[in-house]
Structures are given as C-alpha cells and as structure tokens.
Amino acid sequence: MILDKVNMPCDLKGLNIDELNTLSYKIRKLIIKKVNTTGGHFGPNLGIVEATIALHYVFNCPIDKIIFDVSHQCYPHKILTGRKEGFTNPEKYLEYTGYTAPEESTCDVFKVGHTSTSVSLAVGTAKARDLINGNENVIALIGDGSLSGGEAYEGLNNAAELNSNIIIVVNDNDMSIAENYGGLYKNLKLLRETNGEAENNFFKTLGFKYAYVNEGNNIERLIEVFKDVKDTKCPTVVHIRTIKGLGVKAAEENKEAYHWILPNTLDENNCPKAKTESAGETYDSITTDLILKKAACDSSIIAISPATPGAYGFTKEFREKLGKQYMDVGIAEEHAVAYASALAKNGAKPVLSVLSSFIQRTYDQLSQDLCLNNSPATILIQWGAIMGADCTHLGCFDIPLMGNIPNLVYLAPTNKEEYLRMLEWSIEQTRYPVAIRVPFGSVVSSGNEDKTDYSVLNKFRMDKKGKNIVIIGLGNFYHLGEKVFEAIKNKFGFNATLINPLFISGIDEDMLNSLKDNHSLVITLEDGVLDGGFGEKISRFYGNSKMRVLNFGAKKEFTDRVPIEELYQRYHLTPDLILDDILKAMPVLRK
C-alpha cells in the first residue's frame, strides 16, 4: 500500500506521478475520516493535498523551511512528516495538535494558529539564513484569505526587498473562511482569468518574480513549477489555483460551512447528515435578532466581522438581510477597530464582533484609534473564557488586555437580560467606546427585565447581602459565585455577600468601602487570566486595609488542549476547592 511506503518527505523522491496521485487520494481519505471523527479544519486541508505532496517532493524538508500560515492547511504536511499515525490510528487522532508545532516535528518551523504571519516569519527566517551564509530554500504557504491581513502586506513589502531566496506560495481558492472581500481579490480574479498573464499584477508591482499554476491540484504541473523556482536567487511568488474542499462534494459546493466541521457531520458516503433541530436560543441568535430588529428601522447601524462570521452566527442569511449594513473587512482586526471608530465618530452605530483570541491583534487600535478618540463604537468579544482549546486560540487574555485601556467601558453580562440591556444601551449611547464580553456557553435567563442604567459607570450590583465573606463573580463566573454562596451557607451556616460587578473596566469604590465593616474576606472569580485582570483591581483597592482578598482565575500560561475540568482543578475553580482556600485564609471558620 502506497501509504506504507511514505513516512517522511524523503520517501516521496522515488515515487512516480501515478504513485503520487494515488498517495494524494489516500491522504485525502485519511483527512476526511479523521476530521469527520474529531471535528476540525476540513476544506482548507482537502484543497492543499497535491501542493503539499509536490512541495515535499521538490524541496528537502526540514533543511528547506516550509512555513505555514494559520496552519488550517497543515494536515497533509503532518501526514508526510512522521505523524501519519495521528490520521491512520483512531486511538491517536488527538495526539497531534491541529496546528504546526515544532515540538512534534523538525519539519514544523513555528507554532502558528493566527493568520497573515507566514510571510513575515519567512522573511525573518530567510534573513537569518543570509546572515549566517546558509543556502536553504525558505517557503511561505499562505492562503488567499490571509492576504487581507495587514501583516501579510507588511511582510510582502519587506520580502520584495530581500534580494535573495524566498518563495511565497499563494494558495488561491477564492475563499477566506467566508467570501473574500477587498480590492486585492479583484486582481487575483483577473490573474486567474488570464492564466496569470494580466499586465496588472499585484505581486509583480511589488517586485516579485511571478509564476501562475491554474491547475493547483495537479501534482505533475506543481512539481514542474516548484522545480523551476527552487534555489531562486530573488523573491518569488508562486500563485496556485486550488479547490477548497476537494474530494467532498458538499465541501466544494458550500465552502464556508465546511471550512471547519463538527464531529460526524458526514455519513459513510461523505454526504451531509440530516440536520437535527435547532437547540434553541443562543447568544448568537440573541445578538443577530437584536441587530436585525434595530437595523430595520435605523440605517446607521452596521455589523462588522473580520472574516469570521460563522463563529458567532453572522450567517449568510443574516448578512444578506443586512445588505449594505454589513461589512466583512477581511482578516484585519486592526483595520476593523479603526474602521468602527471612524464610523462611530461620524454618526453611524457600528457593532464589531470578534473572538477573544483575535482581539489581541489590535491593541494599538483599541487604545489609540478607538479609546483615545472616545468613539462610541460597540465591540462584542466572543468566546472569552478559560477553555481547553489549542494554545493558539485561547480566550482567557482579553480581560487584562482590554480592561485597563482608558475610556473603554468593558461590560460582563451574566445572563440574557443583562446582555440585551447592555447591547441596546451600547448601540444607542454616544459617550463611550464599549466592549461587551458575550457570555460563553448556554443561554442563562433570569426571567426579569434588566433596567440597569449602564451610563452610570462602575456601579456593582449586590444580589445577596450577608456577612464575613464577599463573593464577586464576574460575567461567566457569576454562576460559580452562586454555587460558592450555597456551599458557604451549607458548610458554615451563614450567608455570604454575593456581588455581580457588571463592569470589568472599573470598580465600585463606594460599595467596596461599605463592605469593610462586617466582612473580612473577599474572593473574586473571573473566567480569564489573573495577572493584570479584574481581581487584581479589587486586591489593589483593599491593599492598605485589613480586608483579605483571594483571586480565582487562570494562571498566566499557554495551555494546549488541556481538558477544562483539569484546568478548573489546577486553578481551584470548583466550590470545594474554593472552600478549602477560604478555610486556609480564615482558620477561625474551622471551629
């Protein structure tokens, strides 16, 4: 069997074209079966199989360096570089991460999970090679969608000046996660339509030597071109046209839906399984329903996504209903924040939705373009939580990142009613830039309308008034606070005080001062990293008093696919472990 012959890239060298084509078929079958079992990135990996085989056939990895962008398309590479068992053996399906990881293989140059970075990383790799008189090839593999990110432009601009070997393979399947947006894609379309011969060529304008491969899923043709550019002495772009989702009809026809799939999306014939009925209301549907309702009678409202609309329910139907009141800015969070700021400053009502992990890319725009200008835009932070995700997509760093920027009002709703009230207020108010940490998980409803006036900043809400111990549960972890409240009551026989702070970016000094009289311990609970986080604001406030403060949240670390239950144990985020820490802080309660 052809798969048995190939364990490392060098094993490809002796295969003929027919064998390589058979190998591509077998690899595609492995990816389909594995990803349909575990979930994960689907369409991008299926589209790059032939190009990956051709790259490893021509170049000499790991001596030659292949640098992936985002890593959404690295599964064929992993199969060819010593990690095949992670795709052939179901017991080892989860052994390897979904992204490039140098600790797994010397063929992986960087650990990468965010987008638009490969060209910059390749330029640095190539320059280091030149400084120490190396001669290996440096190849960046970047998808067309990733070209919309600002760092990709910066990297290309710098790469064109390198005056030595650097090869940039542009994988053009006319798709990002959703549709591509932006002027660059008109030029890519023109290049595809003219077989790369159009005089107007973005890459040549920058100074690159350019080659186009219309049959980007043809191994023989790819090998020819890669051989031609190998050992090039100048910056070179190889523009290949591929088919995202190749090999699964549903993925070829609905590229957005099959960019990433859940387990068991396909049946044994690789056809979509019948969809189950909707699980009901979600925070995504709550958001889109409110935006559509308001946009229908207010033309100044505009929803914005930086190329990840499906992650938070900005479906194709939602986008079509909004029409010109929706904008996908591409994978460009920095631009998205500045764009939203300018919209808000000039009378529009922007609502920018972005994942916690991705808001990290735009600190300067949050600080300078948005908050220094005090523009009343609304930013929805999605998936903000301690989670068992890959180390490249953690959602636990947004609180310290955003909670300390002047002028920004950062809100943490605990339920549906609070979230709706905060979102409604934020869209209509004109005084502050506002971010809302959208609750993560199933919808929680209090059943009571929230009538809080959020224009009165940094006012906490005391939901239960007690003595001795104060529990401040922020956002998602307010519900953990409720459990701790009950545990204290059951174990010690008294009611603690339970507070919903609502605001991440400030503290209620009056309330905190009032607690000093009949409380001796405050515990803070936050669904994020502690260093620089919300709890430290409380600790700092009580620093010169007799009040003891215990902060509960995540340690400052990159975790990698650690089960959430294990993380909660590690961080003492269960009622029992919190009670143990309370007893250590207040030994008098043991009596």
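Biologist: With which residues is Ser-71 in contact, leaving aside its neighbours within four places in sequence?

Modeller: In this predicted model, Ser-71 is in contact with Gly-98, Tyr-99, Thr-100 and Val-112. Contact here requires heavy atoms within 4.5 Å.

Biologist: Where does Ser-71 lie?

Modeller: Ser-71 belongs to the loop between strand 2 (65-68) and helix 5 (75-80).

Biologist: Why does Ser-71 count as buried?

Modeller: The relative accessibility of Ser-71 is 1%. Buried means under 20%, and therefore Ser-71 counts as buried.

Biologist: What separates the C-alpha atoms of Ser-71 and His-41?

Modeller: A distance of 9.3 Å separates these C-alpha atoms, and the two residues are 30 residues apart along the chain.

Biologist: How many cavities of 30 Å³ or more does the structure hold, and what makes a space a cavity?

Modeller: The structure holds five cavities of that kind. A space is called a cavity because a 1.4 Å probe fits there but cannot get out.

Biologist: What is the volume of the largest cavity, and which residues lie nearest its centre?

Modeller: The volume of the largest cavity is about 200 Å³. Its lining consists of 18 residues, and His-72, Gly-143, Ser-146, Met-175 and His-259 lie nearest the centre.

Biologist: How do the residues of this lining divide by class?

Modeller: The lining of the largest cavity has five nonpolar, 10 polar and three charged residues. Gly counts as polar, so Gly-143, one of the residues nearest the centre, falls in the polar class.

Biologist: How much space lies in the second largest cavity, and which residues line that cavity?

Modeller: The second largest cavity holds about 50 Å³ of space. Among its lining residues are Ile-399, Arg-437, Leu-474, Asn-476, Glu-526 and Asp-527. By class, this lining has six nonpolar, two polar and three charged residues. Asp, Glu and Arg count as charged, and therefore Arg-437, Glu-526 and Asp-527 belong to the charged class.

Biologist: How much space lies in the second largest pocket, and what makes a pocket, as opposed to a cavity?

Modeller: About 380 Å³ of space lies in the second largest pocket. A pocket is an open set of points, whereas from a cavity the probe cannot get out.

Biologist: Which residues lie nearest the centre of this pocket, and which helix supplies the largest share of the lining?

Modeller: Of the 21 lining residues, Phe-440, Asn-476, Phe-477, Asp-527 and Tyr-568 lie nearest the centre of the second largest pocket. Helix 20 (478-492) and helix 23 (564-570) each supply at least two residues of the lining; the largest share, three residues, comes from helix 20. The lining divides into 13 nonpolar, six polar and two charged residues.

Conventions
Residues numbered from 1 in each chain as written. Predicted model: local features only at pLDDT ≥ 70, side-chain atom pairs only at ≥ 80, totals over all residues. Heavy atoms only, no water. 1 Å grid on protein atoms, 1.4 Å probe; cavity = no way out; pocket = protein on both sides within 12 Å on 5 of 7 lines; lining within 4 Å. Points joined across faces, edges and corners; volume = space filled by probe spheres on them. Helix = DSSP H or I, 4+ residues; strand = E, 2+ residues; numbered from the N terminus. Buried < 20%, exposed > 50% of the residue type's maximum accessible area, 1.4 Å probe, protein only.
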